[in-house]
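Visitor: I'm new to reading structures, so please pick one buried spot in this protein and take me through it slowly. After that, show me how the rest of the chain fits around it.

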Amino acid sequence: MKPLHVIGGGLSGSEAAWQIAEAGIPVILHEMRPVEQTPAHKTSQLAELVCSNSLRSDDASTNAVGLLHAEMRLAHSLIMKVADDHQVPAGSALAVDREAFSKTITKLIENHPLITVDRGEIATLPPEEWGNVIIATGPLTSPRLAEAITNITGAHSLSFYDAIAPIVYKDSIDMDICWYQSRYDKVGPGGTGKDYINCPLDKEQYENFVQALIEGEKAEFHDFEKVPYFDGCLPIEVMAERGCETLRHGPMKPMGLTNAHNPTVKAYAIVQLRQDNALGTLYNMVGFQTKLKYGEQTRIFRSIPGLENAEFARLGGIHRNTYLNSPLLLDETLRLKKLERLRFAGQMTGCEGYVESAAMGLVAGRFAIADYKGLEQKLPPVTTAFGALLNHITRGHIAIEDGTKQSFQPMNINFGLFPPIEVEKKEGKRLRGKEKILAKKQALTARALADCKTWLNEEKIQ
């Protein structure tokens, strides 16, 4: 049997390759690491988690990303299976031991009888003899392949910056000052309600910390001001520059937390750290992605109460992200309109986040299977998380500027991408306010899961 080719061994490419192989089709997965490294990756493992170790909320009834988790599980996602097997406590979120997660995925893929992993850079467009190819090279696509893609599309890729948060050794945190607690004591998957380490700041400490962030020396970049950040991953110092209270209402909000050492005193702001590995020896600073220089990070973050003697397993960093203007360039099954043998997946398509990237790898893989077997292409309904995200990527968010320029921005999965649903009453009671919003979310997710099951049953690609 002629193999299908997948370029890129991140979450998206790994998921696509797995779906294809599980359908009985041989696949060659091309990954350039470790032959060619990227500025952000640290290992040669497949599906390496570069930024956070969290796959975000696992609540499938009232959260859009939790719904996407559920749909991926229904579709036998490799990424979700391994995430569930290597989860670490994180309140209502699904977080994983990042090293065990990537090592397991690498082992499963390398040991699959229908998958061949080819290490080396693909520096040009795939040759015609490869036939249909999935390109899932992600935000850190090699410059030579990115140039080849740009040449064939005739359009420049858009860019923004992603930042990475520091990781702290747990035994260097002062637990006489800090305490364990999840916000509002929420018990998530594998959690206890005490899944975060909390560092309290009073008003003076907080204001001094914000000022230090603003004044701290930052890494500089060529044409820096011309490239925006992705709003879902703003550096901590950029948030600080937006106003003194910004952080206190963002990643440092004190709500839902009570100081175990001094319950009667309410902290003005709180820094949270989330477990990063199964051993519980590493914790990452939640929301503390940064472009501060390394020396400044150590100095400023050690001013946080409880972190005075913090030792860092990894300091924060920043890297450039790249994506296509997908609504203009891709068809509804993620194929390049100008060269239909090329199909794109993952963050290159304009989705943002680990889960979204893996989900589009899953969908692209299933589209490739249908192509290979000569089956009818069945799109996931737009009422599902799969379909809502795909619809955003291939048809949504096109704005006309000055009558000529069209633009497209990446987005995480959210309920705003779904067709609306009306819920006026529940058990005969008229709904208002928060109760109505909650009921709508529950109705949206119930509809999505039912429609996803129907789609998967009708698709019949396995």
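Guide: Let's begin at T333, which counts as buried because its relative accessibility is 5% (buried means under 20% relative accessible area, exposed means over 50%, and partly exposed is in between, using a 1.4 Å probe and protein chains only). Before we go on, keep in mind that this is a predicted model, where local features need pLDDT of at least 70, side-chain atom pairs count only at pLDDT 80 or more, and totals for chains, interfaces and linings use all residues. Residues are numbered from 1 along each chain as its sequence is written, and side-chain values use heavy atoms, with hydrogens and water left out.

So where does T333 sit? It belongs to the loop between α9 (326-329) and β16 (335-336). Those labels refer to DSSP runs numbered from the N terminus: helices are H or I runs of at least four residues, and strands are E runs of at least two. Leaving out neighbours within four places in sequence, T333 is in contact with R343, F367, Q377 and L379 (contact means heavy atoms within 4.5 Å).

Now step along to L334, which is in that loop between α9 and β16 too. L334 is not a glycine, yet it has a positive phi of about 70°. It counts as buried, since its relative accessibility is 0%.

Keep going and you reach L336, in strand β16. L336 is buried as well, because its relative accessible area is just 1%. If you set aside neighbours within four places, its contacts are I152, T153, L329, L330, L342 and F344. Here's a nice link to another part of the chain: L336 and G13 are 323 residues apart in sequence, but their C-alpha atoms are 17 Å apart in space.

Let's follow that link to G13. This glycine is in helix α1, and it is buried because its relative accessible area is 0%. Ignoring neighbours up to four places away, G13 is in contact with V6, G8, L29 and A136. An unreviewed UniProt entry lists G8, G9, G10, L11, S12 and G13 under "binding site"; feature names there are shortened, positions are given in the numbering used here, and annotations may be inferred rather than shown by experiment.

One of those listed residues, L11, is also in helix α1, which covers residues 11-22. L11 counts as buried, since its relative accessibility is 8%. Beyond its four-place neighbourhood, L11 touches A47, E48, L49, I79, Y354 and A358.

A47 deserves a stop of its own. You'll find it in the loop between β2 and β3, and it is buried because its relative accessible area is 0%. A47 has a positive phi of about 55° although it is not a glycine. P34 is found in the loop between β2 (27-31) and β3 (54-57), and the peptide bond from R33 to P34 is cis, with omega near 5°.

For a contrast, try I177, in the loop between β9 (167-169) and β10 (179-180). I177 is partly exposed, because its relative accessible area is 26%. Not counting residues up to four places away, I177 touches P200, N259, H261, P305, G306 and E308. Its C-alpha atom is 9.5 Å from that of N262, although the two residues are 85 apart along the chain.

Now zoom out to the whole chain. It has twelve helices and 21 strands, and buried residues make up 57% of its 462 residues. Among contacts between residues at least 6 apart in sequence, 70% join residues at least 24 apart. The C-alpha trace spans about 65 × 60 × 55 Å along its principal axes. The radius of gyration is 22 Å, which agrees with the value near 23 Å for a compact globule of 462 residues (it is taken over C-alpha atoms, and the globule rule is 2.2 Å times the number of residues to the power 0.38).

And the outside? The chain exposes about 19700 Å², with carbon and sulfur atoms supplying 52% of it (areas come from the Shrake-Rupley method with a 1.4 Å probe, and for residues only the protein chains shown count as cover).
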